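Let's take a walk through this one together, from the overall fold down to individual side chains. Keep the viewer open and follow along.

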Amino acid sequence: MSSTILKSFLFLIFLVGPIEAFLFDKFRNNTEWWGYVNVRPQAYMFYWMYEHVEPENRPLILWLQGGPGASSVGFGNFMEIGPLDINLQHRKYTWLTEASLLFIDNPVGSGFSYVTSDSALAKDVQTIAHDLITTLKTVLKKALFQKVPLYIFSESYGGKMASVFSLRLWQAIQNGQLKCNFRGLAMGDSWIDPSKIVSSWAPFLYTMSLVDENGRTLVNRYAEKVVSLVKSGHYAEATRMWRATEGVVANLTGGVNWYNILQWSPQGKMDSYQSLEFIDTPQHLSIKHL
């Protein structure tokens, strides 16, 4: 079955707008439902819930994608842990065999979550946490999910959002704002401190024999420039230099896979990172000939 069918199906959901729909999957004997929550004026968050075949005896996992701006419904669901792949074929291994799964397109503006005015876009993690709690309250109207253990899982930039969301959720539970059996948080490859993460690349690559001493020195020099730009508040330049550092790593390693160092993609070398000509600008000349 073609991924075109999936795209058409999701486009239909977007056209219909703020709804809640239910579906019974005869293949796995589980129920799934999805809908929109008006989290703030002009801001609507989309979620998709898959219930385990025995939801009362299994935990609930809430999945947050990274980006920011990547769709949990699109990536986490159809490309990683959900019951169907992008071709709507049943996945042999899915987390749904062990837990109920809740995917939220977060923050608003990601995936099928949307705003009717740009002013309603989230501009900080506190707003993001508020929107997630508001969405979760809608899901928890089903009393069953107030009792089962809830675990929040996040990937990449999702870790930054999940950490604040988890704290706010715990506080809301303590204040009696909602009933929830919140049991834990898991952050995978979380992008929560760019400076420290970029600085870890060179020693890790060297330890894994992916670069030699010269390569380690080169990656370190680029990473130091990223850290310097972050500290000075030049975030746009820091982002460009971070991408340049990725390009250096890709070239030195022959295109190692960022998510699995046992895999290589030669075509993912320099071409994936476009040109590094901007390094010739005066503010970057200090690392030009490293």
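Start with the contacts: among those between residues at least 6 apart in sequence, 63% join residues at least 24 apart. Keep in mind that what you're looking at is a predicted model. The protein has eight helices and 10 strands, and of its 290 residues, 46% count as buried. On the outside, about 15000 Å² is exposed, with carbon and sulfur atoms supplying 55% of that.

Now zoom in on helix H6, residues 194-207. How far apart should its ends be? At 1.5 Å a residue, its 14 residues should span 20 Å, and because the end C-alpha atoms are indeed 20 Å apart, expectation and model agree. There's still a bend to spot along the way: a kink of about 30° sits at Trp201, shortly before the proline Pro203. Trp201 is also one of the buried residues of H6, along with Ser195, Val198, Ala202 and Leu205. What covers them? The cover for the buried residues of H6 includes helix H7 (213-231) and helix H8 (235-253).

Stay in this neighbourhood for a charged pair. The side chains of Asp193 and Lys196 meet in a salt bridge, with 3.4 Å from N to O. Asp193 has 27% relative accessibility, so it counts as partly exposed. Lys196, at 62%, is exposed, because the cut-off for that label is over 50%.

Go just past the end of H6 and you reach Ser209, which takes a positive phi of about 60°. Ser209 lies in the loop between H6 and H7, and with a relative accessible area of 64% it is exposed. Why pause over a backbone angle like that? Because most residues other than glycine have a negative phi, and most peptide bonds are trans.

There's another residue to look at with that in mind. Leu88 isn't a glycine either, yet it has a positive phi of about 60°. You'll find Leu88 in the loop between H2 and E5. At 23% relative accessibility, Leu88 counts as partly exposed.

The peptide bonds have a couple of things to show you as well. Gly67 and Pro68 are joined by a cis bond, with omega about -5°, and Pro68 lies in the loop between E4 and H2. A cis bond also runs from Asn106 to Pro107, with omega near -5°. Pro107 is found in the loop between strand E5 (100-104) and strand E6 (114-115).

Back to charges for a moment. Side chains of opposite charge can pair when their charged atoms come close. How many salt bridges does a search of the whole structure find? It finds five. Among them is the one between Glu51 and Lys142, whose closest N and O atoms are 2.3 Å apart. This pair links distant parts of the chain, 91 residues apart. Glu51 lies in the loop between strand E3 (43-50) and strand E4 (60-64), while Lys142 lies in the loop between helix H3 (125-139) and helix H4 (144-147). Are the partners buried or exposed? Glu51 is buried, with a relative accessible area of 6%, whereas Lys142 counts as partly exposed at 35%.

Compare that with a pair inside a helix. Glu237 forms a salt bridge with Arg240, the closest N and O atoms being 2.9 Å apart. Both residues lie in helix H8, three residues apart, which is about one turn of the helix. Glu237 has 18% relative accessibility, and since the buried label applies under 20%, it counts as buried. Arg240 is partly exposed, with a relative accessible area of 36%. Remember that H8 is also part of what covers the buried residues of H6.

Finish on the surface. Which residues make up a nonpolar patch of about 280 Å²? Phe75, Met79 and Ile86 do. To get your bearings, Phe75 sits in helix H2, residues 72-81. Its relative accessible area is 40%, so Phe75 is partly exposed.

Key
Residues are numbered from 1 along each chain as its sequence is written. This is a predicted model: local features need pLDDT of at least 70, side-chain atom pairs count only at pLDDT 80 or more; totals for chains, interfaces and linings use all residues. Side-chain values use heavy atoms; hydrogens and water are left out. Helices (H or I, at least four residues) and strands (E, at least two) are DSSP runs, numbered from the N terminus. The expected span of a helix is 1.5 Å times one less than its number of residues. The bend at a residue is the angle between axes fitted to the seven residues ending there and the seven starting there. Buried means under 20% relative accessible area, exposed over 50%, partly exposed in between (1.4 Å probe, protein chains only). Contact means heavy atoms within 4.5 Å. Patches are made of residues with over 30% relative accessible area and no salt bridge: like charges are joined within 9 Å, nonpolar side chains (Val, Leu, Ile, Met, Phe, Trp, Tyr) within 5 Å. Accessible areas come from the Shrake-Rupley method with a 1.4 Å probe; for residues, only the protein chains shown count as cover. A salt bridge is a side-chain nitrogen of Lys or Arg within 4 Å of a carboxyl oxygen of Asp or Glu.
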